[in-house]
Amino acid sequence: MEEDEIDALIADLSSQLIEYGFAWALEEVEAGLSLEADQRRVAIALVEAVESVTSDLARMELAIPEALKVKEVEFVAPPEARFPPRQPNEAFGVHRREMALKLAGLAAEYAELKERIRGERP
Amino acid sequence: MASDPDLLAAVASGLSVATSLGYDSQSAAHDLYEAYVLTLLLEAARGDSWNWVLRDQSCNITKHAVFRKGPGRLPTGNFTHALLTRPDKQSLEAHIGVKVRGKSNISHEFDLLVLPSSAAQACRTSGADPTWQTVRGHAEAKYYAGDLPLPLGRAAVGLERDCSLSGKSVVVTNQNGPTVEQLVTHYGIAFRFLIKPSNSAGLYYARLLFREILRNSA
């Protein structure tokens, strides 16, 4: 990738993270980068952030029930929670597993993207 | 010049699916990671001749895992924990996302806590939080989108000082964190980085460390 493509990618990935509700991930990337980081390093950090909140989490979600030998794992607010937990419109059951499998499969695409940023493939 | 549209569409699609799964909630990602780190502890235990079962709050064996959304207390709610047994060792329990009372009398959240089963039972009976003296193992599970910031290391050191965790505690993260590592290891807290399903070498070393913590548990 050329320098101008890298700059455009950084802008686009940042916008997408914010658009889909992952501004917190963008903030963590910014906090973790050294001031000396060049634009390629920034772009790779953003791809890794996308990977963290998509395929990595999906792979963990799929691995946990298998390791615990249970069908499904549920997360419930404890009785002492001061604020009601957010009730996202989350997918459940078989549909959820299919979506997690789809996300887990994106890991190869992220790897390819990082290779392109590093100039290891056209 | 704009980015490759196909590539950006793939990223957008992935983020959209992730939102549908609730991953856009930072706390949900942390909760999931705590459960993942628990599985590493249990795999390590199995590899070192421990048996384990999942139990509910009434200590009945369960096949339905229910974990806390956010921090809670060991004696409250019907949440799942693991009972670990080995003939030559004291029985242990592993809990995630519970408070532990430190020397200062302040309660701290432990992402993963290992303590004697007898101590956990005493908490269930009395309604009190576990105390720092009962801790046999501890992990801070930090799921981040970027390298860990130094304040996390400072918090781990503070926890070590208030709960005497040197030699039985580890910061586990899916990312890197060289400054955090340098700080916490100085105070006897282990550090395991890039701990995620795609890094089998990292998982190996994380399990190895959990085995060591369990060996030193009694």
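Of the 122 residues in chain A, 32% count as buried. Keep in mind as you look around that this is a predicted model. Chain A does not stand alone here: 56 of its residues are in contact with 53 residues of chain B.

**The build of chain A**
- Chain A holds five helices and one strand.
- Reading from the N terminus, you will meet its elements in the order α-α-α-β-α-α.
- Among contacts within chain A between residues at least 6 apart in sequence, 74% join residues at least 24 apart.

**Its overall dimensions**
- The C-alpha trace of chain A spans about 50 × 35 × 20 Å along its principal axes.
- Chain A has a radius of gyration of 17 Å, while a compact globule of 122 residues would come out near 14 Å.

**Where chain A meets chain B**
- The contact between the two chains takes in 56 residues of chain A and 53 of chain B.
- On the chain A side, at least two residues each come from helix 1 (3–19), helix 2 (23–32), helix 3 (39–68), strand 1 (73–76), helix 4 (93–104) and helix 5 (107–118).
- Helix 3 of chain A gives the most to this side, with 15 residues.
- By type, the residues on the side of chain A that touches chain B are 37 nonpolar, five polar and 14 charged.

**Strands that pair across the chains**
- Strand 1 of chain A pairs with strand 2 (residues 65–68) of chain B in the parallel sense, over four bridges.
- To find a spot to look at, try A:Phe75, which stands opposite B:Phe67 in strand 2 of chain B.

Key: Residues are numbered from 1 along each chain as its sequence is written. Chains are lettered from A and ligands numbered from 1 in the order in which they are written. This is a predicted model: local features need pLDDT of at least 70, side-chain atom pairs count only at pLDDT 80 or more; totals for chains, interfaces and linings use all residues. Two residues are in contact if their C-beta atoms, placed from the backbone, lie within 7 Å. Ala, Val, Leu, Ile, Met, Phe, Trp, Tyr, Cys and Pro count as nonpolar, Asp, Glu, Lys and Arg as charged, and the others, Gly among them, as polar. Two strands pair if DSSP finds at least two bridges between them. The radius of gyration is taken over C-alpha atoms; the globule rule is 2.2 Å times the number of residues to the power 0.38. A residue is buried if 20 or more other C-beta atoms lie within 10 Å of its own, exposed if 12 or fewer, and partly exposed in between; C-beta atoms are placed from the backbone.
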